[in-house]
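Here's a quick briefing for anyone meeting this structure for the first time. Have a look at the model, then walk through the notes below.

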Amino acid sequence: KLSAAASADVTIDLILSGTATDSLDYTLSDTTITISAGDLEGSITLTSVEDFVSDFGESVTLTMGTVTNATKSNTDKVTISIVDGSQPAGVTFTADRNSIREGESVVLRANLDVASVQTVTVTLTRSGTAGLVSDFNVASRITIPPGSLTASAILSTVDDNVHEVEETATFVVSRVVNADGGLGQEQTITITDNDPPPTVVLSAR
């Protein structure tokens, strides 16, 4: 906006900065504002982009660069905040199967309904008759990188050549960081022995 009308067109080139990214978070109709001769105002349009990604609130600052046919005032910049319109990412916890034999593996997976710009961690609490290390191995935390929708932990069973009864391992989501929901979801994996029962031989000495 001019303090007084000019006899020639006034142009203001804009310098963009801030945490928001041009084209990804917003679009500008132009990076130069033109105020026609005799007018006091000119404008451009900034439109936010709905990206369906859960992220932080962001901002873009427009600063006057080169000004033609006018002089800059002390107020040479404006900052616009862009509020995230997406709901926080929600978590679901799944297993690719719930019954396996010794020597086989299961994929435990944490899934997001929308991607997040933050790292999402899902912590699992374990219980059941199967023993960690003695019967299976698996990480206790699943980490979903920024921008991803899913990540997994592989449960690998131990083929121990020992005849055993059927055992179970239950995993419950006990903590979620940087996402909503998921707490209390569980998956129970049944591990079936693959070794034959021992045979008995009766002998005399």
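Let's start with one pair of residues: Val60 has Ile80 as its bridge partner in S6. That contact belongs to the antiparallel pairing of strand S5 (residues 58–68) with S6, which runs over six bridges. Keep in mind that this is a predicted model. Overall, the protein chain has 15 strands and zero helices. With a radius of gyration of 31 Å, well over the 17 Å that the globule rule gives for 205 residues, the chain is more spread out than a compact globule.

**The sheet with S5 and S6**

- S5 and S6 sit in an open sheet of four strands, ordered S3-S1-S5-S6, with antiparallel pairing.
- Which strands are at the edges? They are S3 and strand S6 (77–82), and each of them pairs on one side only.
- From one strand to the next, the twist averages 25°.
- In general, the strands of a sheet pair through backbone hydrogen bonds, and they can do so parallel or antiparallel.

**A second four-strand sheet**

- Another open sheet is made of four strands in the order S7-S9-S13-S11, again with antiparallel pairing.
- Its edge strands are strand S7 (91–95) and S11, each pairing on one side only.
- Going along the order, S7 pairs with strand S9 (residues 105–112) in the antiparallel sense over five bridges.
- Within that pairing, Thr92 has Asn111 of S9 as its bridge partner.
- Next come S9 and S13, which run antiparallel and are joined by seven bridges.
- One spot to look at here is Ser105, which stands opposite Ser156 in S13.
- At the other end of the order, S11 and S13 pair in the antiparallel sense over two bridges.
- Phe136 stands opposite Thr157 in S13.

**The two faces of S13**

- Which side chains of strand S13 (residues 150–157) point to the buried face? Those of Ala151, Ala153, Leu155 and Thr157 do, and these residues are buried.
- The side chains alternate along the strand, so to speak, one up and one down: Thr150, Ser152, Ile154 and Ser156 point to the other face and are not buried.
- That puts two residues from the pairings above on opposite faces: Thr157, the one across from Phe136, is in the buried set, while Ser156, the one across from Ser105, is in the set that is not buried.

**Salt bridges**

- How many salt bridges are there? The count comes to two.
- As a bit of background, side chains of opposite charge can pair when their charged atoms come close.
- One salt bridge joins the side chains of Lys1 and Glu41, at 3.9 Å from N to O.
- Lys1 lies in the segment before strand S1 (10–18), and Glu41 is in the loop between strand S3 (32–35) and strand S4 (46–48), so this pair ties together parts that are 40 residues apart in sequence.
- Both of these residues, Lys1 and Glu41, are exposed.
- The side chains of Glu104 and Arg97 also meet in a salt bridge, at 3.5 Å from N to O.
- Glu104 is partly exposed, with a relative accessible area of 29%, and Arg97 counts as partly exposed too, at 34% relative accessibility.

**Two loop residues with positive phi**

- Ser23 isn't a glycine, yet its phi is positive, near 80°.
- You'll find Ser23 in the loop between S1 and strand S2 (26–28), and it counts as exposed at 52% relative accessibility.
- Val133 isn't a glycine either, and its phi is positive at about 80°.
- Where does Val133 lie? It is in the loop between strand S10 (120–127) and strand S11 (136–137).
- At 57% relative accessibility, Val133 counts as exposed.

**The chain as a whole**

- Taken along the principal axes, the C-alpha atoms of the protein chain fill a box of roughly 120 × 25 × 25 Å.
- Of the chain's 205 residues, 33% count as buried.
- The chain exposes about 11,900 Å², and carbon and sulfur atoms supply 51% of that.
- Among contacts in the chain with a separation of 6 or more, 63% come from residues 24 or more positions apart.

Terms used: Residues numbered from 1 in each chain as written. Predicted model: local features only at pLDDT ≥ 70, side-chain atom pairs only at ≥ 80, totals over all residues. Heavy atoms only, no water. Salt bridge = Lys/Arg side-chain N within 4 Å of Asp/Glu carboxyl O. Buried < 20%, exposed > 50% of the residue type's maximum accessible area, 1.4 Å probe, protein only. Pairing = 2+ DSSP bridges. Rg over C-alpha atoms; globule rule 2.2 N^0.38 Å. Contact = heavy atoms within 4.5 Å. Areas by Shrake-Rupley, 256 points an atom, 1.4 Å probe, with all protein chains shown as cover. Axes fitted to C-alpha atoms, helices over the stretch in contact; angles between N-to-C directions.
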